[in-house]
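Open the model in your viewer and keep the selection tool at hand. The stops below go residue by residue, then out to the domains.

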Amino acid sequence: MATVKTHVKKDDMVKIIAGKEKGKTGKVLRVFPAKGRVVVENLNVVKRHTRPSQLNPEGGIVEKEAAMSISNVMVVCGSCNEAARTGIRKLEDGSKARYCKKCNASVDK
């Protein structure tokens, strides 16, 4: 699988635009650019059966967030508070920053 250009970063607020969690928002915990997937806090939760280990002596059923496709999430703009497409803009100092295409405000902190 080819690397997907990621429009989201860790700690971004995102809105789910497809799938069973559609319409919900959450914070990005991890991004897997090589796989084109993201893990969002408290969304897409699955149950996993685990055997006893040193960290979890009882074992049993553990709930954890599963990765979802990066194409199913949109960044939530901090200023207009809506899910929006993002663009990349070069700054005066030569660095790059993401901006909201709805309100033209910077998405990066």
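Select Val 38. In this predicted model, Val 38 is buried, because its relative accessible area of 0% falls under the 20% limit. The residue lies in strand β3. Show what surrounds the side chain and backbone. Beyond four places in sequence, Val 38 touches Val 8, Arg 30 and Val 31. From Ala 66 to Ile 70 the contacts run through Ala 66, Ala 67, Met 68, Ser 69 and Ile 70. Val 73 is another contact of Val 38. Now add Glu 65, 27 residues away along the chain from Val 38. The C-alpha atoms of Val 38 and Glu 65 are separated by 10.0 Å.

Next, widen the selection to the core. Which residues have the most contacts inside the largest nonpolar core? Select Val 8, Val 14, Ile 16, Val 38, Val 40, Met 68 and Val 73. The core has 15 residues in total. Colour the strands β1 (13–16), β3 and β7 (73–75): each supplies at least two residues of this core. Then colour by domain. At least three core residues come from domain 1 (12–76), and at least three from domain 2 (84–108). Such grouping fits a broad trend: in soluble globular proteins, nonpolar side chains tend to be buried together.

Stay with the domains for a moment. The domain assignment gives domain 1 as 12–76 and domain 2 as 84–108. Place a marker at each C-alpha centre; the two centres lie 27 Å apart.

Now go to the loop between β3 (37–40) and β4 (45–50), where Glu 41 sits. Is Glu 41 buried, exposed or partly exposed? It is partly exposed, because its relative accessible area of 35% lies between the 20% and 50% limits. Apart from neighbours within four places in sequence, Glu 41 is in contact with Gly 26, Lys 27, Leu 29 and Glu 65. Add Val 28 to the view. Glu 41 and Val 28 are 13 residues apart along the chain, with their C-alpha atoms separated by 6.2 Å.

Move along to Asn 44, also placed in the loop between β3 and β4. Asn 44 counts as buried, because 15% relative accessibility is under the 20% limit. Check its backbone: phi is positive, about 60 degrees, although Asn 44 is not a glycine. Most residues other than glycine have a negative phi. Asn 104 is another non-glycine residue with a positive phi, about 65 degrees. Find Asn 104 in the segment after β9 (96–100).

Jump to Lys 9, in the segment before β1. Lys 9 counts as partly exposed at 44% relative accessibility. Leaving aside neighbours within four places in sequence, its contacts are Val 28, Val 31, Arg 98 and Asp 108. Draw a distance from Lys 9 to Val 75: 9.1 Å, C-alpha to C-alpha, across 66 residues of sequence.

Select residues 7–34, which an unreviewed UniProt entry lists as "domain: KOW". This stretch is 0% helix and 43% strand. Its end C-alpha atoms are 13 Å apart.

Finish with the rings. How many aromatic pairs does the structure hold? The count is zero. Select Arg 89 and Tyr 99 instead. The charged end of Arg 89 sits over the Tyr 99 ring, 3.9 Å from its centre.

Definitions and conventions: Residues are numbered from 1 along each chain as its sequence is written. This is a predicted model: local features need pLDDT of at least 70, side-chain atom pairs count only at pLDDT 80 or more; totals for chains, interfaces and linings use all residues. Side-chain values use heavy atoms; hydrogens and water are left out. Domain bounds come from an automatic or database domain assignment. Helices (H or I, at least four residues) and strands (E, at least two) are DSSP runs, numbered from the N terminus. Buried means under 20% relative accessible area, exposed over 50%, partly exposed in between (1.4 Å probe, protein chains only). Contact means heavy atoms within 4.5 Å. A nonpolar core is a set of buried Ala, Val, Leu, Ile, Met, Phe, Trp, Tyr and Cys residues joined through side-chain atoms within 4.5 Å. Rings of Phe, Tyr and Trp (its six-membered ring) pair if their centres lie within 6.5 Å; planes under 30 degrees apart count as stacked, over 60 as edge-to-face and the rest as tilted. A charge sits over a ring if NZ of Lys or CZ of Arg is within 6 Å of the ring centre and within 35 degrees of the ring normal. UniProt positions are given in the numbering used here, feature names are shortened, and annotations may be inferred rather than shown by experiment.
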